[in-house]
Amino acid sequence: MLESLPSTKPQQPTNHHPFTKQSTTTKVASFELRKNDKYYAWLFLGPSLLLLGVFVFYPMLRTFYLSLFLTNNFGQPTVFVGVQNYLNLLKSAPYLASLRATVTYVVGVAVLTLVLGLLLAAMANQKLRGIGFFRTIFTATMGVSVSVSAIFWLFMFNPTTGVLNQIVMFFGGQPIAWLTKPGWAMVAVIVTSVWMHLGFTFLLFFGALQSVPKSLYDAADVGGASAWYQFWHITLPMISPTMFFVGVVTLISAFKSFGLIDLMTAGGPTDATNLLVYRIYKDAFMNGNYAQASTESIILAVIIAVITLVQFKLLAKRVTY
Amino acid sequence: MENVSVQQAQRQRRLGNSLKYFGLVLLALIVIFPFVLGLWTSFLPSMDIAKGSYWSTHLSLNNYVAAFTKTKILRYLFNSLVISTLVMIAHVFFCSLAAYAFVFLKFKYRDALFYIVLATMMLPFEAEVIPNFTTVRQLGLLNHYAVMIIPFLTSAFGIFMLRQAFLQIPADLKAAADVEGLSHWQFYWQVTLPYSKISLVTLAAYSFLGSWNQYLWPMLTTFSDHLRPVQDGLRQLQSEETFNDWGMIQASAAIVVVPTLIVLLIGQHYFKSGLNAGAVK
């Protein structure tokens with residue numbers, strides 16, 4: 001289709017092209033097009049703007065509005081209380097515990113995913129026979145959804161029959177109460193989440209490593225720099241934008257974790273893994289406390305917005321708007 | 001003397017390589033162990049699994065038969081396939097139209113609108129479920145395919161990504177098309193879309209997977225078993241099975257994961273080049 005556009009010789013009409021007009025009419029035509037832009041803009045943008053308005057903008061405003069009220073069981077605002085909901089939340093021990101748990105989880109997931117993803121990518125970036133096989137395996141978790149991951153790992157974390165405790169006992173340890181001891185439950189959901197994120201992270205890091213110019217390493221080889229030195233002084237600086245990108249994406253994704261929590265721990269034991277989104281869900285749809293859930297939603301939105309803004313700022317250096 | 005050092009170097013290289021292979025195999029085992037164990041146990045009798053003895057030799061397809069006959073897993077898969085395919089097509093379509101407008105159309109408030117759209121990228125869907133739930137209830141969409149499709153027909157991320165791609169189209173091409181008298185629709189359909197194929201495919205894969213992995217929203221908005229998408233379906237199976245029929249649950253998980261893994265394997269080459277072309281450099 002592209003070839004049929006005579007881009008180099010626009011003056012010469014080609015008869016086989018159905019949209020060709022005589023060159024005398026071109027000025028009129030393009031003027032008409034300009035004029036038409038407005039209608040096309042409505043047509044092309046309309047659906048997206050409508051949908052974003054209804055399902056993104058309005059709900060954000062509405063959530064903020066609800067967060068300033070008390071609400072009844074149907075989620076209708078009753079009494080205006082201003083910022084009281086926020087003050088209550090920030091003084092509430094359970095909420096602060098939830099916030100702390102979320103930060104632990106999010107930081108744990110992001111750091112481990114980054115380190116392991118980079119390790120996998122560095123290992124897969126070697127010239128070895130059969131390396132393609134390993135690359136394929138390292139991307140495998142990309143095909144695994146949240147429910148499947150949860151099922152796989154729940155099975156392994158099973159306290160009596162699970163393979164992890166069998167390993168622990170094989171080495172003479174006491175079986176661990178994964179998922180029912182607060183600390184271990186956090187470990188379990190972090191491990192599962194890291195595993196889930198690993199395939200995608202690997203793929204991005206691998207792409208980044210492959211795009212580092214080979215000449216840089218050649219020059220370093222000539223200079224007699226060690227592999228370790230090359231990693232710190234060539235590889236890391238060259239892939240740092242990808243590291244940053246992956247870090248932010250993982251961070252945001254971890255902040256939004258819901259399915260894993262719902263399937264593995266349901267927020268327990270004793271709220272140890274009651275992360276922000278799960279808490280919102282419970283407060284709104286199980287306890288019917290829509291005002292509090294809305295307030296929690298706004299706090300979550302602010303946290304994610306700040307992270308995204310930082311990302312934009314740094315991306316803007318590389319992406320042309 | 002020369003020979004000795006060459007031999008030494010060779011031996012060292014061989015040792016280095018075996019170390020590398022050892023590391024690779026170890027990492028590969030860690031990554032695929034949950035798959036392998038899950039797949040293996042899906043062939044074992046639940047009795048053996050309950051005793052924690054995985055070295056059974058009583059392999060059978062009984063768990064799969066049970067999953068296909070006793071559960072609605074096929075129906076869940078079908079639902080997800082329909083929903084995700086529709087979301088994928090519509091999402092790419094609406095995002096590309098909007099992106100086209102931001103790149104090739106001149107109209108009032110264009111930049112302001114673009115920044116507004118960009119701003120919505122910051123707003124997480126998870127923080128908006130309460131009003132969205134009310135909205136779809138009032139629209140009468142609850143417990144219907146539409147409720148899992150309509151909110152995801154477009155996205156700021158998709159519009160932004162395709163705008164970046166469309167900006168790469170040479171201005172000459174547009175000028176030539178204007179001279180040729182191509183309408184905007186014709187230029188969109190015949191030039192813009194074919195020109196940005198890689199970005200479109202990447203966005204398509206992204207939206208399909210996004211829809212396939214939806215969890216919270218379908219869980220809130222669908223109650224009928226025959227409408228349930230696959231993630232929610234697995235959740236249902238997992239919570240219903242109070243007897244912990246792990247063999248059948250693992251078989252269901254395998255039924256869900258194996259098709260995606262095959263697609264991933266086939267699409268891998270393309271996906272990799274697509275991601276690299278997506279210029280995360």
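**Notes on a predicted two-chain model**

1. Let's start with the fold of chain A. Its secondary structure amounts to 12 helices and 2 strands. Going along the sequence, the order of elements in chain A is α-β-β-α-α-α-α-α-α-α-α-α-α-α. Of the 321 residues in chain A, 40% are buried. Among chain A contacts with a separation of 6 or more, 65% link residues that are 24 or more positions apart.

2. Please keep in mind that this is a predicted model. Its overall scores are ipTM 0.85 and pTM 0.85. Chain A has a mean pLDDT of 84, with 87% of its residues at 70 or more. Helix α3 (residues 93–124) of chain A has the highest mean among the elements of that chain, 94, while α1(A) has the lowest, 82. One stretch to treat with care is residues 1–30 of chain A, where the pLDDT is below 50; the model still gives this stretch 37 contacts beyond near neighbours in sequence. Where pLDDT is low, the predicted coordinates should not be read in detail.

3. Chain B can be read in a similar way. Its average pLDDT is 86, and 92% of the residues score at least 70. Within chain B, helix α4 (residues 73–104) has the highest confidence, at a mean of 94, and helix α13 (residues 246–277) the lowest, at 75. Over residues 274–281 of chain B the pLDDT stays under 50, and the model has 17 contacts beyond four places in sequence for them.

4. Now to the records. For chain A, an unreviewed UniProt entry lists "domain: ABC transmembrane type-1" at residues 99–311. That span is 76% helix and 0% strand, and its end C-alpha atoms lie 22 Å apart. For chain B, the UniProt annotation "transmembrane region", also from an unreviewed entry, covers residues 21–43, 81–105, 112–133, 145–166, 187–209 and 246–266.

5. Two of those chain B spans are worth a look in the viewer. Residues 187–209 of chain B are 96% helix and 0% strand, with end C-alpha atoms 29 Å apart. Residues 145–166 of chain B are 50% helix and 0% strand, and their end C-alpha atoms lie 32 Å apart.

6. The domain assignment splits chain B into domain 1 (2–62) and domain 2 (72–240). The C-alpha centres of these two domains of chain B are 40 Å apart.

7. How do the chains meet? In the model, 90 residues of chain A are in contact with 83 residues of chain B. Helix α1 (residues 26–66) of chain A supplies the largest share of chain A's side, 24 residues. By type, the residues on that side of chain A are 60 nonpolar, 24 polar and 6 charged.

8. The largest nonpolar core has 146 residues, and those with the most contacts inside it include A:F44, A:I151, B:A98 and B:A253. Beyond its neighbours within four places in sequence, B:A253 is in contact with A:V148, A:I151, A:F152, B:G38 and B:L234.

9. Finally, a residue to click on: B:A156, in helix α7 (residues 156–166) of chain B. B:A156 counts as buried because it has 21 C-beta neighbours inside 10 Å, the cut-off being 20 or more. Leaving out residues up to four places away in sequence, B:A156 touches A:L52, B:V117, B:L118, B:T120 and B:M121. B:L118 is 38 residues from B:A156 along the chain, yet their C-alpha atoms are separated by 6.0 Å.

How values were computed. Residues numbered from 1 in each chain as written. Chains lettered and ligands numbered in written order. Predicted model: local features only at pLDDT ≥ 70, side-chain atom pairs only at ≥ 80, totals over all residues. UniProt positions renumbered as here; feature names shortened; annotations may be inferred. Helix = DSSP H or I, 4+ residues; strand = E, 2+ residues; numbered from the N terminus. Domains from an automatic or database assignment. pLDDT = per-residue confidence, 0-100. Contact = placed C-beta atoms within 7 Å. Core = buried A, V, L, I, M, F, W, Y, C linked by C-beta atoms within 7 Å. Buried ≥ 20, exposed ≤ 12 C-beta atoms within 10 Å, placed from the backbone. Nonpolar A, V, L, I, M, F, W, Y, C, P; charged D, E, K, R; others polar.
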